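Me: I'd like a close look at one residue in this model, and then a walk outward from there to the rest of the chain. Could you take me through it?

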Amino acid sequence: MIDFGNFYQLIAKNERLSHWLETLPAQIAKWNKDSLHGYYPGWVKTIENLPEMTPDTLDLKTGVTAQRTQPLTAGETRRITNILRNLMPWRKGPFFLYGVEIDTEWRSDRKWERVLPHLSPLAGRTILDVGCGSGYHMWRMAGEGAELVVGVDPTQLFLCQFEAVRKLLGNDQRVHLLPLGIQELPALQAFDTVFSMGVLYHRRSPLDHLWQLKDQLVSGGELVLESIVVEGGEHQCLIPGERYAQMSNVYFIPSAKMLAVWLEKCGFVNVRIADESVTTTDEQRRTEWMINESLADFLNPEDPSLTVEGYPAPRRAVLIAEKP
Ligand SMILES: C[S@@+](CC[C@H](N)C(=O)[O-])C[C@H]1O[C@@H](n2cnc3c(N)ncnc32)[C@H](O)[C@@H]1O
């Protein structure tokens, strides 16, 4: 099983986060018990099979790249590649690990390039990344000098991908992932920056999601909200039918302007739309590490400005707001 003891020890010494220990260990113990069946135990074994590696150079500033002065042998490269391929599909990345390139479905570095210029400097900050996936952006936050980055994501495979990458990055302890949904967190009011990227449209109650994010921030803290949006004014919102771009779990897709209104309604201040752009098939595509259908298959082949269901194709906005 994956051991969260290091994280407990870390927050026990942290004035803002130590009270989390009243609830967290019991939640994780229950999660561990519930995860004994299915694929999870096999994925944990996969991680155990990875060698412990310590990079001689680690670049988290321009990507997630670990290197050793002594390159891997062809046999070592094959072995690590095969082990990591047991954790497919890899969606968020890419990762460059000692010459092994995990070419993920998403070029998550592109999102980071759109988001980063608009943030208050992350150096020294305590950060929560809600719906962090495999943790790609968390490593980039560490690369910007964050003191501690905590991610929450309930998907077992993403926890395993995260732990596999962490093991290959020398068991770095600046970044941690907990297998929980945001709704399972108490109101910690502990984080300087909270990210919610790609999560809001998956929540049945998006305003409750915004309140839950606010509950995690210190007063004066910054929220970074990224979501699929539709074009239009502050009264525009799409509530798709059974599927949107083949996803069955999409509830509300507001315009960026409506999202700004929602944030203000939830008591955020200094709300601004930092970026809006259409998702391209360069950024989200099928690769050798994610061999299922991807964005190109979700768009109308005759008119890629529409999804296969006839809705506007995905465009994404980044909003920044503060908790007063
Ligand atoms: C579209 S991905 C976004 C990943 C990453 N944040 C990014 O922007 O590339 C959405 C993520 O939210 C996670 N998720 C779904 N429900 C969640 C919840 N209730 N709380 C936290 N994360 C959730 C999923 O497991 C998935 O990893």
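**Threonine 193 and its surroundings**

Reply: Threonine 193 counts as buried, because its relative accessibility is 0% and the cut-off for buried is under 20%. Bear in mind that this is a predicted model. As for its place in the fold, threonine 193 sits in strand S10, which covers residues 191–197.

So what does threonine 193 touch, once neighbours within four places in sequence are left aside? One run of partners is Arg125, Thr126, Ile127 and Leu128, and Leu122 is in contact too. Leu217, Glu222 and Val224 are also on the list of contacts.

Let's step back along the chain a little. The loop between strand S9 (175–178) and S10 holds glycine 181. Is that glycine buried or exposed? Glycine 181 has a relative accessibility of 3%, so it counts as buried. Its C-alpha is 7.7 Å from that of glycine 131, although 50 residues separate the two in sequence.

Strand S10 also brings us to the nonpolar core. In general, nonpolar side chains in soluble globular proteins tend to be buried together. Here the largest nonpolar core has 91 residues, and Phe195 is among those with the most contacts inside it, along with Trp20, Leu84 and Leu178. Helix H7 (residues 156–168) gives the most to this core, with eight residues. For a feel of the packing, take leucine 84: not counting residues up to four places away in sequence, it touches Leu50, Trp90, Leu97, Val100 and Ile102. Leucine 84 also touches Ala164, Leu168 and Trp289. There is a second, separate core as well, with nine residues, including Tyr201, Ile228, Leu238 and Tyr244.

Two helices are worth a look for how well they are covered. In helix H6 (residues 136–143), seven of the eight residues are buried. Those are Tyr136, His137, Met138, Trp139, Arg140, Met141 and Ala142. After H6 comes glycine 145, with a positive phi near 95°. Helix H5 (residues 108–115) is mostly covered too, with six of its eight residues buried. The buried set in H5 has charged names in it: Asp109, Lys111 and Arg114 are there, together with Ser108, Trp112 and Val115.

For a contrast with threonine 193, try aspartate 208 in helix H8 (residues 206–216). With a relative accessible area of 43%, aspartate 208 is partly exposed. From its C-alpha to that of cysteine 266 is 8.8 Å, and the two are 58 residues apart in sequence.

Now the whole chain. It has 10 helices and 17 strands, and 52% of its 324 residues count as buried. Why call it compact? A compact globule of 324 residues would have a radius of gyration near 20 Å, and the chain has 20 Å, so the two agree. Along the principal axes, the C-alpha atoms fill a box of roughly 55 × 50 × 40 Å. Among contacts with a separation of 6 or more, 71% come from residues 24 or more positions apart.

On the outside, the accessible surface is about 14,300 Å², and carbon and sulfur atoms account for 48% of it. The chain carries 33 positive and 41 negative charges, whose mean positions are 3 Å apart.

How values were computed: Residues are numbered from 1 along each chain as its sequence is written. This is a predicted model: local features need pLDDT of at least 70, side-chain atom pairs count only at pLDDT 80 or more; totals for chains, interfaces and linings use all residues. Side-chain values use heavy atoms; hydrogens and water are left out. Helices (H or I, at least four residues) and strands (E, at least two) are DSSP runs, numbered from the N terminus. The radius of gyration is taken over C-alpha atoms; the globule rule is 2.2 Å times the number of residues to the power 0.38. Buried means under 20% relative accessible area, exposed over 50%, partly exposed in between (1.4 Å probe, protein chains only). Contact means heavy atoms within 4.5 Å. Accessible areas come from the Shrake-Rupley method with a 1.4 Å probe; for residues, only the protein chains shown count as cover. Lys and Arg count as positive and Asp and Glu as negative; His and the chain ends are not counted. The place of a charge is taken as NZ of Lys, CZ of Arg, CG of Asp or CD of Glu. A nonpolar core is a set of buried Ala, Val, Leu, Ile, Met, Phe, Trp, Tyr and Cys residues joined through side-chain atoms within 4.5 Å.
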